[in-house]
Amino acid sequence: MRLDSLLSAMGADTKSELKKNIRKAGAFVDGELIKDPGRQVDEGCVVIYNNREFRYAKYQYYMMNKPAGVVSATKDNRDTTVVDLMKNQARKDIFPVGRLDKDSVGLLILTNDGDFAHSMLTPSKHVPKTYYVEVDDIITQDDVKAFEEGIVIDDEFTALPAKLYICDDKMSARCTVYEGKFHQVKRMFKARGKNVLFLKREKMGELCLDENLAPGEYRLLNEEEIKILKDN
Ligand code: URA
């Protein structure tokens, strides 16, 4: 593939910046300095551009610690999106796998692998998602039982059985759900007469949020983490 296409696919720069910078300063491809942006290079090569190293990968997988106030979308006319937060680094075809509400925080996976995203989201897979949740009232053992039995939300939706572990202060809990309906956790607590004040996703499948990521930060998943998710 072309050198500038490889670097563009890996989110190194815009196409026009790439052309300009490669002509001017060049890029090292497997150690050889190349100043022709259109040079054909091997997909397995290692490129140093602008002091950063790039290797081509067809698919990429990121985890983000989603901050409050941004929407889980690629583009939005009003709000900042999770993809906007990645603008300087990520390639252009990255999208979030599912949604967290604008005011929810925590683990969000982003990728350009559509089949993978589908396998994480398809209802038949029941991929578990664990949330830390704070509410405005005492959580009781009756709530735990109701979650276990599957809460009737309305005429059209009864939530699948879910797990609820009450924290010591009794107004927070960890909740694991096996589906991903709109405002799912908030609606489940609402049906029990409680309002969710804070919601953080800590785990998806067997993958935990890397607590070293500050809100808004993200990083590539490593091979082992990708495997954990794909083995779900
Ligand atoms: N459930 C919710 O209510 N909101 C989220 O963001 C995620 C799960």
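**Salt bridges and aromatic pairs in a predicted model**

Asp101 and Lys186 are both buried. I start with these two residues, and I should say at once that the model is predicted. Asp101 and Lys186 form a salt bridge, with 2.8 Å between the closest N and O atoms. This pair links distant parts of the chain, since Asp101 sits in the loop between E6 and E7 while Lys186 belongs to helix H5, residues 184-191, and the two are 85 residues apart.

In total, the structure holds 20 salt bridges. Another one joins the side chains of Lys102 and Asp79, at 2.9 Å from N to O. Lys102 is in the loop between strand E6 (95-96) and strand E7 (105-111), and Asp79 is in the loop between strand E5 (61-66) and E6, so this salt bridge ties together parts that are 23 residues apart in sequence. Here the burial is mixed. Lys102 is partly exposed, at a relative accessible area of 38%, whereas Asp79 has 14% and is buried.

A further salt bridge is the one between Lys181 and Glu179, where the closest N and O atoms are 3.5 Å apart. Lys181 is partly exposed, with a relative accessible area of 43%. Glu179 is buried, at 13%. There is also a network: Arg2, Asp4 and Lys19 are joined into one by salt bridges that share partners.

Now the aromatic rings. How many aromatic pairs does a search of the whole structure find? It finds four. I will go through two of them, Tyr132 with Phe198 and Phe147 with Phe189.

Tyr132 and Phe198 are edge-to-face, with 6.1 Å from centre to centre and 65 degrees between the planes. Tyr132 lies in strand E8, residues 129-135, and Phe198 in strand E13, residues 196-204, so the pair ties together parts that are 66 residues apart in sequence. Is Tyr132 buried or exposed? With 16% relative accessibility, Tyr132 counts as buried, because the limit for that class is under 20%. Its partner Phe198 is partly exposed, with a relative accessible area of 31%.

The pair of Phe147 and Phe189 has ring centres 4.9 Å apart and planes at 55 degrees, so it is tilted. Phe147 is in helix H4, residues 141-149, and Phe189 is in helix H5, which puts the two 42 residues apart and links distant parts of the chain. Both of these phenylalanines, Phe147 and Phe189, are buried.

One last point concerns helix H5. This helix holds Lys186, the salt-bridge partner from the start of the talk, and also Phe189 of the tilted pair.

Key: Residues are numbered from 1 along each chain as its sequence is written. This is a predicted model: local features need pLDDT of at least 70, side-chain atom pairs count only at pLDDT 80 or more; totals for chains, interfaces and linings use all residues. Side-chain values use heavy atoms; hydrogens and water are left out. A salt bridge is a side-chain nitrogen of Lys or Arg within 4 Å of a carboxyl oxygen of Asp or Glu. Helices (H or I, at least four residues) and strands (E, at least two) are DSSP runs, numbered from the N terminus. Buried means under 20% relative accessible area, exposed over 50%, partly exposed in between (1.4 Å probe, protein chains only). Rings of Phe, Tyr and Trp (its six-membered ring) pair if their centres lie within 6.5 Å; planes under 30 degrees apart count as stacked, over 60 as edge-to-face and the rest as tilted.
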